[in-house]
Amino acid sequence: QIRSYCYALRDLRDGVINHIELDERIFKALSSTITGKSLITEHKNIKEQIDHAIQLADEAIEGRLSEEELHQRASEITEVVGKIRRLIGTHTAKEDRLLKSQD
C-alpha cells in the first residue's frame, strides 16, 4: 500500500508542477499584480507538502518497520494527503475568483 502511495504521490507531484507552471504563465499574462507572492507561496507550500508525503513513503519503503509502524506511517501519509487536498481546494477557489474578476 505504501508503495502505491509513493507512485501516486510522484504522479501528483508531476501534475501539480505542470499545473503550477501553467498557472503562473496564465496569471502573469493577465496581470503582474495577480501573480503576487500569495499564489507563488501557495504553490510552494502545496509542492512542499507533496514532497513531505513522498519522503514519508520513501522512508517507510526503505526502512525496516514493523507492521504497526507501517500502519502509523500510512496514517501519517493519509493526514498529509488530506492537508494537500485542502490546500489545493482553497488555492483553486482563489484562482477561480481571480480569473472571474478578470472578466
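Leaving aside neighbours within four places in sequence, with which residues is D23 in contact? In this predicted model, the partners of D23 on that count are H43, H91 and E95. D23 itself lies in helix 1. The residue is buried yet takes part in no salt bridge. For D23, the nearest side chain of opposite charge belongs to R25, and that side chain is 9.2 Å away. A salt bridge is counted here only within 4 Å, so a pair of side chains at 9.2 Å does not qualify.

From this buried acidic residue it is convenient to turn to the nonpolar interior. The largest nonpolar core holds 16 residues, and those with the most contacts inside it are I2, I50 and I77. Helix 1, helix 2 (37-62) and helix 3 (67-101) each supply at least two residues of this core. The most generous contributor is helix 2, which gives seven residues. In soluble globular proteins, nonpolar side chains tend to be buried together. The surroundings of I77 give a closer view of the core. With neighbours within four places in sequence set aside, I77 is in contact with I2, Y5, L9, A53, L56 and A57.

Not every nonpolar side chain is placed in the interior. L22, I26, L30 and L99 make a nonpolar surface patch of about 290 Å². Helix 1 (residues 2-30) provides the largest share of this patch, with three residues. One member of the patch, L22, lies in helix 1. L22 has a relative accessible area of 39%, and is therefore classed as partly exposed.

Charged pairs add another layer to the picture, and the count of salt bridges comes to seven. One of them joins the side chains of R13 and D51, at 3.1 Å from N to O. This pair links distant parts of the chain, since R13 sits in helix 1 and D51 in helix 2, 38 residues apart. Both partners are partly exposed: R13 has a relative accessibility of 22%, and D51 has one of 24%.

A second bridge that reaches across the chain is formed by R73 and E59, whose closest N and O atoms are 3.1 Å apart. Here R73 belongs to helix 3 and E59 to helix 2, with their positions 14 residues apart in sequence, and the pair again links distant parts of the chain. The two partners fall into separate classes of accessibility. R73 is buried, because its relative accessible area is 16%, whereas E59 is partly exposed at 35%. Salt bridges that share partners also join R13, K47 and D51 into one network, which brings the R13 and D51 pair described above into a wider setting.

A further salt bridge lies within a helix. The side chains of E48 and K44 meet at 4.0 Å, again from N to O. Why are E48 and K44 separated by about one helical turn? The two residues are four residues apart in helix 2, so about one helical turn separates them. In accessibility, E48 counts as partly exposed at 41%, while K44 counts as exposed at 54%.

Terms used:
Residues are numbered from 1 along each chain as its sequence is written. This is a predicted model: local features need pLDDT of at least 70, side-chain atom pairs count only at pLDDT 80 or more; totals for chains, interfaces and linings use all residues. Side-chain values use heavy atoms; hydrogens and water are left out. Patches are made of residues with over 30% relative accessible area and no salt bridge: like charges are joined within 9 Å, nonpolar side chains (Val, Leu, Ile, Met, Phe, Trp, Tyr) within 5 Å. Accessible areas come from the Shrake-Rupley method with a 1.4 Å probe; for residues, only the protein chains shown count as cover. Buried means under 20% relative accessible area, exposed over 50%, partly exposed in between (1.4 Å probe, protein chains only). A nonpolar core is a set of buried Ala, Val, Leu, Ile, Met, Phe, Trp, Tyr and Cys residues joined through side-chain atoms within 4.5 Å. Contact means heavy atoms within 4.5 Å. Lys and Arg count as positive and Asp and Glu as negative; His and the chain ends are not counted.
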